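Okay, thanks for making time, everyone. Let me put the chain up on the screen and then walk you through a few places in it.

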Amino acid sequence: MQQDSIGNVHHFWERMKEVCEGDRIFHYVRGEIVAISVVKSGYREEPRPAEIPLLGSEHAKGYLVEVDYYELEKPLTIADSFNEIQPLLPIKYSPFQDNANGNQGYLYPCNEELTIKLIELIADLNIYEIDEEQLEFVMGTVQKTEHDFLTPLLAETETEAKTKVRLGHQRFRNELSPLWHNQCALCEIDLPELLQASYAKPWKDSTTNERNDPNNGILLCRNHDALYHNGFIAFDGQGKIHISSSILIEDYEKYGLHGKMKVNRTETSKPYLKWHKKHVFKE
Ligand SMILES: [Zn+2]
């Protein structure tokens, strides 16, 4: 994700090298996503453009990435939809602060779940379901032409992200389920339709390796998955359950919980369970 700031922090520079052909970039300026671009080729080194003055210790060379840039007719104001965006932000390298303002820097990685949400919000603002002829009549042909590229770009970006998430989850579940004997680790429900492969370190925060690691999670029924996913329960390094104080002790039974529950954690799943307890659990 790009931002119009002046901070030339080293790791942002390095991230320029990771950009690949076909990547999408959301362009963020002063509280709004104003454009989407599609990367045409990987980076190359170029001298700094003359119109950008060189400051003290900065290098005269930079990285250049060529993109096709599509300005949105209606920019997306982040603060307006922040309650929907915030749960999808990673804890590390988030493009936005807790008050919905942007963090300084540019080219923030955007996880697929966040991508899907941003596309959905942008599409709501910029794509109208009204009759094409009526649109042409009212707004003229210029804007119709603009929609001709924006609509497929949004659709393709959304489909790619959704496919990646779906296939990733599917593989994760297939590999994780047998580790838990194909039943809920807490209540032993074994009806496949009711079971969920629950990430300990969530997708948005995980690296590609962590997303594919079947040790990064627990097989749980829908009820226990929802409790775990939303941080109402967690497991420590010993696999012992911790229950959030927002669930009253007298209600434990209703939720299918009791204080002595334990999961069979392994040495490899331990760091993931601890990460979840530290960052997701609502004490
Ligand atoms: Zn259960």
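Let's go straight to leucine 64: is it buried or exposed? Neither, quite: leucine 64 has 14 C-beta neighbours inside 10 Å, and a residue needs 20 or more to be called buried, or 12 or fewer to be called exposed, so leucine 64 lands in the partly exposed class. You'll find leucine 64 in strand E5, residues 61-64. Leaving out anything up to four places away in sequence, leucine 64 touches Tyr43, Arg44 and Glu46. Proline 47 is 17 residues from leucine 64 in sequence, and the C-alpha to C-alpha distance there is 9.0 Å.

Now, I should say that this is a predicted model. Mean pLDDT for the chain is 87, with 86% of the residues at 70 or more. The place to watch is residues 1-8, where pLDDT stays under 50. The model does have 24 contacts for that stretch beyond four places in sequence. Still, predicted coordinates should not be read in detail where pLDDT is low.

On to the overall picture. We have 8 helices and 10 strands in the chain. Of the 283 residues, 25% are buried. If you take contacts between residues at least 6 apart in sequence, 68% of them join residues at least 24 apart.

So where's the nonpolar material? The largest nonpolar core has 24 residues. Cys184, Ala185, Ile218, Leu219, Leu220 and Ile233 have the most contacts inside it. Two or more residues each come from helix H5 (141-176), E7, E8, H7, E9 and H8, and E8 gives the largest share, with 4 residues. Take leucine 219 as an example: beyond its neighbours within four places, leucine 219 is in contact with Leu176, Ser177, Trp180, Gln183, Cys184, Ala185, Leu195 and Ala197. There's also a second, separate core of 19 residues, and that one includes Leu76, Leu89, Phe96 and Leu154.

Let me zoom in on two of the helices. In H7, residues 222-229, the buried residues are His224, Asp225, Leu227 and Tyr228. Those residues cover an arc of only 165° around the axis, so they sit on the same side of H7. Which strands help cover them? Strand E7 (195-199), strand E8 (217-221) and E9 are included in that cover. Just after H7 comes glycine 231, with a positive phi of about 80°.

H8, residues 270-279, has Tyr272, Leu273 and His276 as its buried residues. Looking down the axis of H8, its buried residues fall within an arc of 100°, and therefore line one face of the helix. Strand E9 (233-235) is part of what covers the buried residues of H8, and E9 is also among the strands over the buried residues of H7.

Last item: positive phi values in residues other than glycine. Alanine 100 has phi near 80°, and alanine 100 is in the loop between helix H2 (82-85) and helix H3 (112-126). Alanine 100 counts as partly exposed because 16 other C-beta atoms lie within 10 Å. Then there's asparagine 182, with phi near 55°, in the loop between H5 and E7. Asparagine 182 has 12 C-beta neighbours inside 10 Å, so asparagine 182 counts as exposed.

That's what I had. Happy to go back to any of these on the screen.

How values were computed
Residues are numbered from 1 along each chain as its sequence is written. This is a predicted model: local features need pLDDT of at least 70, side-chain atom pairs count only at pLDDT 80 or more; totals for chains, interfaces and linings use all residues. The arc is that of the directions from the helix axis to the C-beta atoms. Two residues are in contact if their C-beta atoms, placed from the backbone, lie within 7 Å. pLDDT is the predictor's confidence in each residue, from 0 to 100. A nonpolar core is a set of buried Ala, Val, Leu, Ile, Met, Phe, Trp, Tyr and Cys residues joined through C-beta atoms within 7 Å.
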